[in-house]
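Student: I would like a close look at a single part of this model. Please take one helix and follow its surroundings outward.

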Amino acid sequence: ATSAAQELADLLELAAAAGLPDTDLEFARRLAAGATTTQLAAERQVTDRTIRNHRDVLVHRLRAAAMAA
């Protein structure tokens, strides 16, 4: 059985091969590691809503990468 961590690593590898920017990959890793949208917003000096929107776009891109594989 594949662990959730391994599934995420595999997905991020697919996404990188599909051309997803490193900043998006790092954002995904931070979210997966438990960073909250509030924490990420403070770090990036943007609103929580901006981070949630970025997360939603990222999820869409990751799904597209997974479906293309």
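Tutor: Start with a term. Helix axes here are lines fitted to C-alpha atoms over the stretch in contact, and angles run from 0 to 180 degrees between N-to-C directions. Two packed helices are described by the angle between their axes and the distance between the axes. The model is predicted.

Now take helix α2, residues 22-32. Its partner here is helix α3, residues 37-44. The two axes come within 10 Å. They cross at roughly 140°. That makes α2 oblique to α3, because only angles over 145 degrees count as roughly antiparallel, and 140° also lies outside the range of 65 to 115 for roughly perpendicular. The crossing is right-handed.

Which residues in α2 and α3 meet? From α2 come T23, F27, R30 and L31. From α3 come L40, E43 and R44. By class, this contact has three nonpolar, one polar and three charged residues.

Stay in α2 and turn to D24. Is D24 buried or exposed? D24 is buried, because its relative accessible area is 5% and the cut-off for buried is under 20%. Setting aside residues up to four places away in sequence, D24 touches H54, L58 and R61.

One of those contacts, L58, leads into the largest nonpolar core. In soluble globular proteins, nonpolar side chains tend to be buried together. The core in this model has 13 residues. Those with the most contacts inside the core are A15, L20, L58 and L62. Helix α2 is among the contributors: α1 (4-17), α2, α3 and α4 (48-68) each supply at least two residues. Helix α4 gives the most, with four residues.

Look at A15 too. Leaving out neighbours within four places in sequence, A15 is in contact with L20, L25, L62 and A65. Two of these partners, L20 and L62, are themselves listed among the core residues with the most contacts. L25 lies within the residue range 22-32 of α2, and A65 lies within 48-68, the range of α4.

Finally, step back to the whole chain. The secondary structure comes to four helices and zero strands, in the order α-α-α-α along the sequence. The C-alpha trace spans about 35 × 25 × 15 Å along its principal axes. Of the 69 residues, 22% are buried. Among contacts with a separation of 6 or more, 49% join residues 24 or more positions apart.

Notes:
Residues are numbered from 1 along each chain as its sequence is written. This is a predicted model: local features need pLDDT of at least 70, side-chain atom pairs count only at pLDDT 80 or more; totals for chains, interfaces and linings use all residues. Side-chain values use heavy atoms; hydrogens and water are left out. Angles under 35 degrees count as roughly parallel, over 145 as roughly antiparallel, 65 to 115 as roughly perpendicular and the rest as oblique. A crossing is left-handed if the near helix is turned anticlockwise from the far one by less than a right angle, and right-handed if clockwise. Contact means heavy atoms within 4.5 Å. Ala, Val, Leu, Ile, Met, Phe, Trp, Tyr, Cys and Pro count as nonpolar, Asp, Glu, Lys and Arg as charged, and the others, Gly among them, as polar. Buried means under 20% relative accessible area, exposed over 50%, partly exposed in between (1.4 Å probe, protein chains only). A nonpolar core is a set of buried Ala, Val, Leu, Ile, Met, Phe, Trp, Tyr and Cys residues joined through side-chain atoms within 4.5 Å.
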